[in-house]
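Hello,

Here is the structure I promised to pass on. Please open it next to this email, and my notes on what turned up in it follow below.

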Amino acid sequence: MRPLTTAFALCLGLAVVGPLGSPASARRLCPVPTVLYVAPTGSDSACGTHKHPLLTPQVAVDRAVEGGTVLLMPGTYARQRVLIHGRH
């Protein structure tokens with residue numbers, strides 16, 4: 001895979017239905033924010049806040065609320081396809 005390098009935060013507006021697919025521990029301990037952050041140094045078990053970002057865009061998309069935003073923080077990401085299933 002070719003790496004994708006970001007030099008800025010990328011905003012992706014989403015119309016999705018809720019925190020489906022997120023780990024049970026994250027759903028219990030984290031509020032459901034309208035903005036989720038992703039960073040190459042994050043963790044997919046994190047809450048997705050600026051201080052505790054997620055690792056992969058796919059997990060952020062899966063957790064995003066209707067009308068939510070996913071922000072990619074600067075860094076190098078492994079190239080991956082983000083799938084949005086059943087979202088209008």
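Let me start at the C-terminal side, where Ile84 sits in the segment after strand 5 (75-78); helices (H or I, at least four residues) and strands (E, at least two) are DSSP runs, numbered from the N terminus. Ile84 counts as partly exposed because its relative accessibility is 41%, where buried means under 20% relative accessible area, exposed over 50%, and partly exposed in between (1.4 Å probe, protein chains only). Its C-alpha atom is separated by 7.7 Å from that of Asp62, and these two residues are 22 residues apart along the chain.

Some ground rules before the rest. This is a predicted model with residues numbered from 1 along each chain as its sequence is written. Local features need pLDDT of at least 70 and side-chain atom pairs count only at pLDDT 80 or more, while totals for chains, interfaces and linings use all residues, and side-chain values use heavy atoms, with hydrogens and water left out.

**Confidence**

You will want to know how far to trust the model. The pLDDT (the predictor's confidence in each residue, from 0 to 100) averages 75 over the protein chain, and 65% of the residues score at least 70. Strand 3 has the highest confidence, at 97, whereas strand 2 (residues 10-13) has the lowest, at a mean of 40. Please take care with residues 4-27, over which pLDDT stays under 50. The model has 60 contacts beyond four places in sequence for that stretch, a contact being heavy atoms within 4.5 Å.

**Overall layout**

The protein chain has 2 helices and 5 strands, and from the N terminus on they run β-β-α-β-α-β-β. Of its 88 residues, 39% count as buried. Among contacts with a separation of 6 or more, 61% are made by residues 24 or more positions apart. The accessible surface comes to about 5,500 Å², with 62% of it belonging to carbon and sulfur atoms; these areas come from the Shrake-Rupley method with a 1.4 Å probe, and for residues only the protein chains shown count as cover.

**Strands 3 and 4**

Strand 3 and strand 4 pair in the parallel sense over 4 bridges (two strands pair if DSSP finds at least two bridges between them). Across this pairing, Leu36 stands opposite Val70, and Val38 stands opposite Leu72. The chain gets from strand 3 to strand 4 through helix 2, and this β-α-β crossover is right-handed: with the strands pointing away from the viewer, the path from the first strand over the helix to the second runs clockwise.

The two faces of strand 3 are unlike in cover: Leu36 and Val38 form the covered face, Val35 and Tyr37 the uncovered one. In strand 4, Thr69 and Leu71 point one way and Val70 and Leu72 the other, and all are buried.

**The core**

Which residues make up the largest nonpolar core? There are 12: Leu36, Val38, Ala39, Leu54, Val59, Ala60, Val61, Ala64, Val70, Leu72, Met73 and Tyr77. By nonpolar core I mean a set of buried Ala, Val, Leu, Ile, Met, Phe, Trp, Tyr and Cys residues joined through side-chain atoms within 4.5 Å. Strand 3 (35-38), helix 2 (57-63) and strand 4 (69-72) each supply at least two residues of this core, and helix 2 gives the largest share, 3 residues. In soluble globular proteins, nonpolar side chains tend to be buried together.

Two core members are worth a look. Ala60, in helix 2, counts as buried because its relative accessibility is 0%. Leaving aside neighbours within four places in sequence, Ala60 is in contact with Leu36, Val38, Leu54 and Val70. Ala60 and Val70 are 10 residues apart in sequence, with 6.5 Å between their C-alpha atoms.

Leu36, in strand 3, is buried because its relative accessible area is 3%. Beyond four places in sequence, Leu36 touches residues including Cys47, Gly48, Arg63 and Ala64. Leu36 and Thr69 are 33 residues apart in sequence and 6.3 Å apart in space, C-alpha to C-alpha.

**One exposed residue**

Lastly, Pro74 lies in the loop between strand 4 and strand 5 and counts as exposed because its relative accessibility is 53%. The C-alpha atoms of Pro74 and Pro40, 34 residues apart along the chain, are separated by 8.1 Å.

Best wishes
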